[in-house]
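Please work through the following exercises with the structure in view. Each task is followed by a solution in steps.

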Amino acid sequence: MLNVVIVGTGEMATSLLLGVREAGHNVVGFFRKEKALLPPFARMFRDLFMPTDFYLLAKKYKINEINAKSVNSEQFRKQIRKLKADIIIVGSWGEKFSKKTILTPKIATINVHPSLLPQYRGPNPYMMTISHGEKVSGVTFHFMDEHFDTGAVLMQQEVPIIDTDNGYTLKLRTVQIARGMLKELLPQIENGAINTIEQDENKATYFKRITHKDIYIDFSMGATEIYNKVRGFEPWASCYLKVKKEFLKIGHAQIVNLYENEFYIKNKTYKLPDRYLNVKEGKILARGKDWLLCSTCEEGNAILLYDLKLYGIVKQFLTKSFIKSLKSLK
């Protein structure tokens, strides 16, 4: 039976904790983001009034909480040794591990990354796989080294991307698959029956943290590209349009097939004339108080942008009149 320490945050860390227990191994300690980032009073306030699922689950099972400011501190390593940890499993953690920390547990330090490495390394694979139009994402367990997401692969499994997925729904399915994989992975590690595969650097892609350029929409993009961007970043970031020096935040998007001559929004069906089939991109085809149907450069497909809001605490209340005043999006 392996002694495991979970380092992480959010849904992935929660699923890993459950997966280790379901695989019949001991979670002997956990280290969470709040310990590393928040001062004691702020952390106490959060734990009382806004506790995370990861924290509540660890407390329910009476798992030792590691007290440290960083995974690279001697304080952290000392507690790993005291807990006699065989493995550290990392899920959703932004700090780069030092070689000294990686070598602290008896067997290994292992990371779980929500993509099919070496593709989509970096902090936002849920967003990036969808926004780039991928049909498949995945889960990769790999040995950690001193770089982000580069160590030898232990196990991988594909995660299909559904056409209606957003970043969060993909995340929820991904963490559940990671949880199930531990039932196969941990016995292999315990029995020393692991075959690793080195990552092919020629196939590697890396995406940094998103910037405003990543969430900007214009009509040089086709309807499918716009739709994938909006749903990929949802619900963590809103894409936006720049119109008449103002910024319109996009809540949701939907592709509209112009050959069907109608579309549905807000419990109402709207008809579309055939003349809209050959309209230059960026033209407003229909509008409501918080939505716009716009032509794109993608033949036969328009994009419906809805739950629109002007940026700004005050300006958002002027969204309806702003949309009504628009003659063009260019």
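The exercises below treat a helix, the nonpolar cores and a surface patch.

This is a predicted model, in which local features need pLDDT of at least 70, side-chain atom pairs count only at pLDDT 80 or more, and totals for chains, interfaces and linings use all residues. Residues are numbered from 1 along each chain as its sequence is written, and side-chain values use heavy atoms, with hydrogens and water left out.

**Exercise 1.** Determine what span helix H1 should have.

*Solution.*
1. Helices are DSSP runs of H or I with at least four residues, numbered from the N terminus; H1 covers residues 10-22, that is, 13 residues.
2. The expected span is 1.5 Å times one less than the number of residues, which gives 18 Å for H1.
3. The end C-alpha atoms of H1 are 19 Å apart, which agrees.
4. Just after H1, Gly 24 takes a positive phi of about 85°.

**Exercise 2.** Identify which residues touch the most other members of the largest nonpolar core.

*Solution.*
1. Such a core is a set of buried (under 20% relative accessible area, 1.4 Å probe, protein chains only) Ala, Val, Leu, Ile, Met, Phe, Trp, Tyr and Cys residues joined through side-chain atoms within 4.5 Å.
2. Of its 38 residues, those sought are Ile 6, Leu 16, Val 20, Ile 89, Phe 141, Leu 182 and Leu 186.
3. Helix H8 (residues 167-190) gives the most to this core, with 8 residues.
4. Apart from this core lies another, of 31 residues, among them Ile 215 and Tyr 240.

**Exercise 3.** Is Phe 41 buried or exposed?

*Solution.*
1. Phe 41 is found in helix H3 (residues 40-49).
2. Its relative accessible area is 62%; exposed means over 50%, so Phe 41 is exposed.

Technical notes. Helix = DSSP H or I, 4+ residues; strand = E, 2+ residues; numbered from the N terminus.
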